[in-house]
Amino acid sequence: MTRSVYVAGIGRGDGRQVVELGMTELLSRQVDRVGIFRPLAHADAETRDPVFDLLRARYRLSQPRAGVLGMTYGKAGALQAEEGTDALVARLVERFHEVAADYEAVLILGTDFADTNIPAELALNARLANECGAAVLPVVGGAEQSADSVVAEVRNAHDAYASLGCDILAMVANRVGPDAAPLARAATADAGAHLPVPVYVIPEDAGLAAPTVAQIRDALGAGLLAGDAGGLARDVRDFVFGGAMLPAFLPALSEGCMVITPGDRADLVVGALAAHSAGSPAIAGLLLTLDERPGPDIMALAERLAPGTPLLTVAEGSFPTAAALVGLRGELNAATPRKADIALGLFESHVDSAQLTGRLAVAASGRVTPMMFEHMLIERAQGDRRHVVLPEGTEERVLLAAEVLVRRGVCDLTLLGEEQTIRKRAAELGLSLPLLGADAPAAQPGGPATARITDPRVSPLRESFAELYAQYRAHRGVSVELAYDVLGDVNYFGTLMVQQGLADAMVSGAAHSTAATVRPAFEVIKTAPGAAIVSSVFFMCLADRVLVYGDCAVNPDPNAEQLADIAIQSAATAAQFGVEPRVAMLSYSTGTSGSGSGVDKVRRATELVRTRRPDLRVEGPIQYDAAVDATVAAAKMPDSRVAGQATVLVFPDLNTGNNTYKAVQRTAGAIAVGPVLQGLNKPVNDLSRGALVQDIINTVAITAVQAQGAGAPAPGDRS
């Protein structure tokens, strides 16, 4: 039976898109097929629905936009006037059931209270929720309200929906001011003791409220004189109007501001960009008014001073431009994935996801989709937060990933690199990432996740690390002086942090080779007790399941003993991430049908696995099709407990494994997460130099889970 949640409001400006995003996240963790239904919307929603487009892109929804909308407000008003409310409700509920038939859970997006011309709008939302059999999640806007006012609004909204017979899931007060939020949270916690549902308070967030440069460009119809996609994605946190002379103008600049000035003020244009180049402060961009454009010499200088920084131009003067910008807020849509990450982090930080999930009447799906696997990684890492060092702290993709990881509380981070460079780059990217110095207090358990900067070149740890490294490599003739030089390398420094317990794990490789990333780990961290070699696995996320492939990245031609070790390690890694290990030792023949040195190696490795780990289900030699396809397995190995249902596939050599994982990734549309190294004493993982931001997030989350150790609960355990 489809279960649905109706996100409703009581008025305008509640910012409920944050809640809609958070609820889609929770639902998609539970089930494979999530649908969206918007009963009523303005006419342009038939061609433009930013929230749905965001949800579809982020959660890979197959639902077309045409399948979302029930009816426009105009048509609804006409129908209600002609045939009455009952007819309108009947039509919308019928449309809901058409949508719900194709999905395991449906999120219903309530009306927006913005010039809808619908009488008794709250009552209509309540009735639609009841008729659709949906639990209601009312959202109260708390902007510019005192804590007492927020609490009163929460009570009133609860009573209003309860009096109309609604099944209330929880209450949310959103966009509560930073000063009122702690008081409102304390007061609603007390109110929650008297209300029969949980009450959550989500504060206003400057990064979420700020419009992007691209949004300002679109709102004003401005021309773009210079700038790139990264610059257009920057948040605009303030506006500074340039009219004064340069000495009075420069102190008015603030981080993330947009400078608005007539285009003929070359002194202010160059001064603002020079300040940005120096990092004091990093501005979002410039908006030049009166259709005055700098000459080619000034434009060339601007490009040298601040490449990528947007320069916009409008024909209007400063006053009408300022009037057009009043009230412009950041928008959640598919073009602003960073804002979606901020919103999701905000939701997860202030809403008890486990409590809310427990109140959902949605049975967890028996399938594990790629999206669900990614959710499991994040949820698992959040449950026992660890500290991961990222040596490539100046790399743009690493910084973008760091913002998401900290915002969502996945792990604490140390970014290695020159402090001013990292801070400047983060400011240029417009990141909402509080960066602490190396001497800042350690993150507190239960507190917010943190990111700190450490520069290996000037860190006081470098000398002690050099002495340790010289001891580790004394057999190679490494002196303390040479070791000191080596410790200027961010990967060696990060590895020593892990070895000395100053971080739990390390992830690198976005800008370094695999050898540069893992060599320090081989030299310092070394293999774990019981592991003969270091190997790797990829988590292959197919449409309906997750398979584990090993080894596709490290060992070119393992012998039988090494192959057995890879199988045992891969089974342990699979189990750690909630994949029940059923091990297939792959070869070009199945069972006793073939012979040759390659088959004999796999047969010997299978015997060693059975001897060392008699508790593991393992089959080999076996061909890939017999390992994963039940029909083939029934013909070739009908009595096997692994054939046709293998989850861990061990390849006989690197050539076979690497080509197979890439073939499956490219032709089957699988998401390959990895390589994940196994067999080291402490977790260190390598990134592809072509890794996307999401790849980095996934790899860091996996590494954080590895650091938790085998005692943590399995990600599929929802009890």
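Strands β5 and β6 (residues 171-176) run parallel and pair over 3 bridges. This is a predicted model. The briefing starts at β5, moves to the nonpolar cores and a buried glycine, and ends with an open sheet and a buried glutamate in one of its edge strands.

**Strand β5 and its partners**

- V140 faces A173, a residue of β6.
- β5 also has a parallel partner in β1 (residues 3-9), with 5 bridges between them.
- Within that pairing, V7 is bridged to L137 of β5.
- β5, helix α6 (residues 147-163) and β6 together form a β-α-β unit, and the unit is right-handed.
- β5 spans residues 135-141 and is mostly covered, with 7 of its 7 residues buried.
- Side chains in a regular strand alternate between the two faces of the sheet.
- In β5, A135, L137, V139 and G141 point one way. V136, P138 and V140 point the other way. Residues of both sets are buried.

**Nonpolar cores**

- The largest nonpolar core holds 68 residues. Within this core, V388, L413, F539 and M585 touch the most other members.
- Another core, of 46 residues, lies apart from it. Its members include I108, V136, V140 and A184.
- V388 of the largest core has contacts beyond its neighbours within four places in sequence. They include C411, D412, L413 and T414.
- A505, M506 and V507 also contact V388, as do V700 and A704.

**G308, a glycine in a loop**

- G308 sits in the loop that links α13 (296-305) to β12 (311-313).
- Is G308 buried or exposed? Its relative accessibility is 9%, so G308 counts as buried.
- Neighbours within four places in sequence aside, G308 contacts G227, D228, G231, R234 and E303.
- P337 is 29 residues from G308 in sequence. In space, the two C-alpha atoms are 19 Å apart.

**The open sheet**

- This sheet is built from 6 strands, ordered β21-β20-β22-β19-β18-β23. The sheet is open and its pairing is mixed.
- Which strands stand at the edges? They are β21 (617-622) and β23 (671-678). Each has a single partner strand, so one side of each lacks a neighbour in the sheet.
- On average, neighbouring strands in this sheet are turned by 20° against each other, direction ignored.
- β20 (residues 582-586) and β21 run parallel, joined by 4 bridges.
- In that pairing, A584 has E619 of β21 as its bridge partner.

**Helices across the sheet**

- Helix α25 (residues 597-612) lies across β20 and β21. Its angle to β21 is about 170°.
- Helix α28 (residues 654-667) lies across β18 (535-541), β19 (546-550) and β23. Its angle to β18 is about 20°.

**E619, a glutamate in an edge strand**

- E619 belongs to strand β21, which stands at an edge of the sheet.
- Is E619 buried or exposed? E619 counts as buried because its relative accessibility is 13%.
- The side chains of E619 and R610 are joined by a polar contact of 3.5 Å.
- E619 also has V583, A584 and M585 among its contacts, leaving aside neighbours within four places in sequence. Further contacts of E619 are T606, M637, S640 and V642.

Methods: Residues numbered from 1 in each chain as written. Predicted model: local features only at pLDDT ≥ 70, side-chain atom pairs only at ≥ 80, totals over all residues. Heavy atoms only, no water. Buried < 20%, exposed > 50% of the residue type's maximum accessible area, 1.4 Å probe, protein only. Helix = DSSP H or I, 4+ residues; strand = E, 2+ residues; numbered from the N terminus. Pairing = 2+ DSSP bridges. Right-handed = clockwise from strand over helix to strand, strands pointing away. Core = buried A, V, L, I, M, F, W, Y, C linked by side-chain atoms within 4.5 Å. Contact = heavy atoms within 4.5 Å. Axes fitted to C-alpha atoms, helices over the stretch in contact; angles between N-to-C directions. Polar contact = N/O pair within 3.5 Å; in protein donor to acceptor, adjacent residues only side chain to side chain.
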